[in-house]
Amino acid sequence: MAKQKRGNGEGGKPRQRPDGRWEARYYIDGKRRSVYGQSRKEAATKLIDALATKDEPTPFVPSDVTIREFFAQYENVAKDTMKRRSYETYRDIARKHLLPTVGSLKIKDLTREQVQRMYSQKRDAGLSAARVRRIHGVLSAALNKAVLWHLVAHNICKEVSPPRVEAPEIKPLTKEQARRFLAAAETERYHALYVLALTTGMRLGEIGGLAWSKLDLDTRLVRVDRALITGYGGQSFESPKTSGSRRTITLTRKVIDALQQHREQQRTAGNAVEGAALVFTNTVGGPINPSHFTTRSFKPLLKRAGLPDTNFHAATRHTCCCLMLEAGVNPKAVSLQLGHSSVAFTLQRYAHYMPGMGDAAAGAMDEVLE
């Protein structure tokens, strides 16, 4: 027999929740509402009052759980809903910075002043503004879930001001430096990787996760739809950073030649060069470790080329973007190729590398005023 839905204004018996509180539910206009109490009697009394004054807001009783207890519950949700890198960042920040500082406090007692003071203490201890802002992001996301779970009435982080983070200055290679970089890479085991990175702007994780099945050397296309993630628990393949990161890129003749040569070298060495096999591997055929790759291949390559010390994405991804904009490629096309979230982001971060923008603005004003 189907369970009959309660009518308007009807309520049920109080029941005890896992957090120790008592909850009594009732219905108004077909919508379920709840009142809470520290005992069965208190919840029953509030239910009577709520049914008598149905148009008044439902009383809210903050939870007595501590922040440490809440995070223990939240971690299970985070592990199942976050990408691996995001979850590891959350766990690292929670255990190193949040729980030692405010973990013993009841979640309902956390104040704006306490959170703001914690940020100041972290800055005084030497943490960067970017790291403290990430701490703020983790805490705020967790408290949003606490509000959803009715543990607190609102997210206190919305009243807090995290430190301001200056956007890092982009220092790409010049045209001449990019040529020297690729020339020095010709004798490298990862020559094709460097050419692919510099000519397409693909992230190192995307290149590390690239399978031969995603490459079509005849039509000169590569499909980017996953990335190699390296973390505490080893390596795994995940979907790209954003939905815009899933993309198809047309390859240059230069990278096609490099990839064909790389494929022949892999085939000669007895490695698979089709299907799910990785295009780029370490010396024993496994996925590339970014740390090992950087210290053993990339950094020595910079020295041989006589180039300033920089990171992989500055030398390849940022350089690719800036060189395309300097050559007059449409910013929308550049944004799509690099997998940016929007063309607005591309323009905001790289617009000063577009030639003639200032000249065009000055010319327009001359024409208007004259």
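A cavity is a set of grid points where a 1.4 Å probe fits but cannot get out. In this predicted model, a search of the whole structure finds one such space of 30 Å³ or more. The report begins with that cavity and then turns to a pocket, two sheets, two buried loop residues and the confidence of the prediction.

## Cavity and pocket

The largest cavity holds about 40 Å³ of space. Its lining consists of Leu 204, Gly 205, Gly 208, Leu 228, Thr 230, Ile 288 and Pro 290. Two or more of the lining residues come from each of α8 (204-208) and β6 (227-231), and α8 gives the most, with three residues.

The second largest pocket has a volume of about 280 Å³. Thirteen residues line this pocket, and Leu 182, Leu 198, Thr 199, Cys 320 and Leu 323 are those that lie nearest its centre. Three helices, α6 (175-184), α7 (191-200) and α11 (312-326), each supply at least two lining residues. The greatest share comes from α6, with four residues.

The table sets out the volume and the lining classes of the two spaces.

| Space | Volume | Nonpolar residues | Polar residues | Charged residues |
|---|---|---|---|---|
| Largest cavity | about 40 Å³ | four | three | none |
| Second largest pocket | about 280 Å³ | six | four | three |

The lining of the cavity thus has no charged residues, whereas that of the pocket has three.

## The sheet β1-β2-β3

Three strands form an open sheet in the order β1-β2-β3, with antiparallel pairing. The edge strands, β1 (15-16) and β3 (31-37), each pair on one side only.

Two bridges join β1 and β2 in the antiparallel sense, and Arg 15 has Glu 23 in β2 as its bridge partner. The hairpin of these strands has five residues between them, and within this hairpin Gly 20 takes a positive phi near 100 degrees.

On the other side, β2 (residues 22-28) is joined to β3 by seven bridges, again antiparallel. Among the residue pairs, Tyr 26 stands opposite Arg 33 in β3, and Ile 28 has Lys 31 in β3 as its bridge partner. The hairpin of β2 and β3 has two residues between the strands, and Asp 29 takes a positive phi near 55 degrees there. Strand β2 is mostly covered, with six of its seven residues buried.

## The sheet β4-β5-β8

A second open sheet of three strands has the order β4-β5-β8, and its pairing is antiparallel. Because β4 (215-216) and β8 (247-250) stand at the edges with a single partner strand each, one side of each is left without a neighbour in the sheet. Four bridges join β5 (residues 221-224) to β8, and the two strands run antiparallel. Val 222 stands opposite Ile 249 in β8.

## Two buried loop residues

Leu 151 lies in the loop between α5 (129-148) and α6. Its relative accessibility is 6%, so Leu 151 counts as buried, the cut-off being under 20%. Leu 151 and Ser 63 are 88 residues apart in sequence, yet their C-alpha atoms are 4.8 Å apart in space.

Thr 281 is found in the loop between α9 (253-268) and α10 (290-304). With a relative accessibility of 9%, Thr 281 also falls under the 20% cut-off and therefore counts as buried. Leaving aside neighbours within four places in sequence, Thr 281 is in contact with Arg 189, Tyr 190, Gln 266, Gly 286 and Ile 288. One of these partners, Ile 288, is also in the lining of the largest cavity.

## Confidence of the prediction

The protein averages a pLDDT of 88, and 90% of the residues score at least 70. Confidence is highest in α7, at a mean of 97, and lowest in helix α14 (residues 357-369), at 61. Helix α7 is one of the elements that line the second largest pocket. Over residues 1-9 the pLDDT stays under 50, and for this stretch the model has 13 contacts beyond four places in sequence.

Definitions and conventions: Residues numbered from 1 in each chain as written. Predicted model: local features only at pLDDT ≥ 70, side-chain atom pairs only at ≥ 80, totals over all residues. Heavy atoms only, no water. 1 Å grid on protein atoms, 1.4 Å probe; cavity = no way out; pocket = protein on both sides within 12 Å on 5 of 7 lines; lining within 4 Å. Points joined across faces, edges and corners; volume = space filled by probe spheres on them. Nonpolar A, V, L, I, M, F, W, Y, C, P; charged D, E, K, R; others polar. Pairing = 2+ DSSP bridges. Buried < 20%, exposed > 50% of the residue type's maximum accessible area, 1.4 Å probe, protein only. Contact = heavy atoms within 4.5 Å. pLDDT = per-residue confidence, 0-100.
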